[in-house]
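Dear colleague,

Please find below the structure that I agreed to pass on to you. My notes on it follow, arranged by topic.

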Amino acid sequence: MFPERFSNLPAYAFPRLRALLDPHPAGGPVLHMSIGEPKHPFPDWVGPVMAEHAADFGRYPPNEGTPGLRGAICGWLNRRYGVTLDPERQVMALNGTREGLYNAGMALIPETKNGQRPVVLMPNPFYQVYMISAISVGAEPVFVPATAETGHLPDFSSVAPEVLARTAMVYLCSPANPQGVMASAEYWADLLALAEKHDFRIVADECYSEVYRDAAPVGALQVAAKTGADPERVLAFHSLSKRSNLPGLRSGFVAGGPESIARMKQLRAYSGAPLPLPVQHVSERLWGEEEHVAASRALYAAKYALADEILGHVPGYMSPQAGMFLWLPVPDGEAATLKLWQETGVRVLPGAYLSKAQPSGTPGAGYIRVALVAPFDETKAGLTAIRDCLFA
């Protein structure tokens, strides 16, 4: 009576974390550093704008986003990446980018590739929705190590030719969750060339693109435009959750080739949940403003510097280029997480919970992920506790 395709999935990361920690009392005041839920302030006009348009909760919203929202998204993409997209045919609003990252596979992965079961390549560690999207359409998820040895980005060119021949889609997160590294223009260009050679589509998860230390990360659409790539090669995903500190707004978008977007729109007309109109009005204004984004980025930069000061002596410590996490090396991620909880009350995430076990090992097993989302003083207290408990 039940499908077998999901029967062997591991528990999702945060239920696993609760099972690991909750049977044990916290060793101090609880500090949540396990989830990337931004705690920086969002613009104070969000509530009033929502209230101004509250009557629109009485209307069904357009599936793909209002013309105003799609226009604001295209305007932001042009200012940020120098790309010009058609708001009617090349962007679609999403009820959170997780929805779109999942449905990209449903809408775009073919039943077969070169007469065989299609493959979806993804980094390891990875955001687990990539794997579920592949499994849901009967594709084979193939995990490509993103470790210190590869610069914490997957080397897709190392994948066996017979696997590349079956590859229909590649997921890549840049800046990377959890490692915080950024794909360079050269990296994107090489991946685009590989996609052209083997005829697959790239899904660029760029939800952390506006949280960075120094130089802004280049984008997949930006490099695709400069190299003259087929517009259907790339789908880019962005979100207001991280950029504007509004994870509860559930507002993001996908941008890409018109045929890809048309197919995603068609599926979403049946299976999606359009953004309520008041949320779309708020989102339109957010994509048009940068001051709050720059202010938030400065707060992250201060916490990057704080982490360098407190934990920079740790062997293998990697100062983040971007994103909102530390990817800290430890002998055993689960043991370190439990010890930290029982002795200090600081709650982090074992790196293995973001990784898929392979015959060669589990890439994240020797790491913990630490979210730098709390206010500065809380972050300082948490990082100090981590240092004193795990690295003294």
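I begin with a single residue: N245 has a relative accessibility of 3% and therefore counts as buried. The model is a predicted one, and in it the phi of N245 is near 60°, a positive value in a residue other than glycine. N245 sits in the loop that links α9 to β8 (252-256).

Backbone geometry

A second residue invites comparison with N245. N114 also has a positive phi without being glycine, with a value near 55°, and it is found in the loop between α4 and β3. N114 has 59% relative accessibility and so counts as exposed, whereas N245, at 3%, is buried.

Two cis peptide bonds deserve your attention as well. The bond from N124 to P125 is cis, with omega near 15°, and P125 belongs to the loop between β3 (119-124) and α5 (129-136). The bond from S174 to P175 is likewise cis, its omega being near -5°; P175 is in the loop between β5 (167-173) and α7 (185-198). As general background, most residues other than glycine have a negative phi, and most peptide bonds are trans.

Nonpolar cores

The largest nonpolar core comprises 59 residues, and L311, L383 and I386 have the most contacts inside it. Helix α12 (residues 291-311) gives the most to this core, namely 6 residues. A second, separate core has 53 residues, including L153, V159, L240 and L275. Such grouping has a general counterpart: in soluble globular proteins, nonpolar side chains tend to be buried together.

Beyond its neighbours within four places in sequence, L311 is in contact with Y317, L326, L328, L383, I386, R387 and F391. Two of these partners, L326 and L328, point the same way from strand β9.

Strand β9

Strand β9 covers residues 325-329, and 5 of its 5 residues are buried. F325, W327 and P329 point to one side, L326 and L328 to the other. This is the pattern expected in general, since the side chains of a regular strand alternate between the two faces of the sheet. β9 pairs with strand β12 (residues 367-371) in the antiparallel sense over 5 bridges, and within that pairing L326 stands opposite V370 of β12.

Cysteines

How many disulfides does the model contain? The count comes to 0. For C74, the closest cysteine sulfur is that of C207, at 17 Å, which is too far for a bond. For C207, the closest is the sulfur of C173, and because the distance is 7.0 Å, this pair is also too far apart for a bond. C74, at 9% relative accessibility, counts as buried, and so does C207, at 8%.

Largest pocket

The largest pocket has a volume of about 580 Å³. Its lining consists of 26 residues, of which Y12, G36, Y127, Y208 and K242 lie nearest the centre. Helices α1 (13-21), α4 (97-108) and α9 (240-243) each supply at least two residues of the lining; the largest share, 3 residues, comes from α4.

Should you wish to begin with one region, I would suggest the surroundings of L311, which is among the residues with the most contacts inside the largest core and which is in contact with both L326 and L328.

With kind regards

How values were computed: Residues numbered from 1 in each chain as written. Predicted model: local features only at pLDDT ≥ 70, side-chain atom pairs only at ≥ 80, totals over all residues. Heavy atoms only, no water. Buried < 20%, exposed > 50% of the residue type's maximum accessible area, 1.4 Å probe, protein only. Helix = DSSP H or I, 4+ residues; strand = E, 2+ residues; numbered from the N terminus. Pairing = 2+ DSSP bridges. Core = buried A, V, L, I, M, F, W, Y, C linked by side-chain atoms within 4.5 Å. Contact = heavy atoms within 4.5 Å. Disulfide = S-S within 2.5 Å. 1 Å grid on protein atoms, 1.4 Å probe; cavity = no way out; pocket = protein on both sides within 12 Å on 5 of 7 lines; lining within 4 Å. Points joined across faces, edges and corners; volume = space filled by probe spheres on them.
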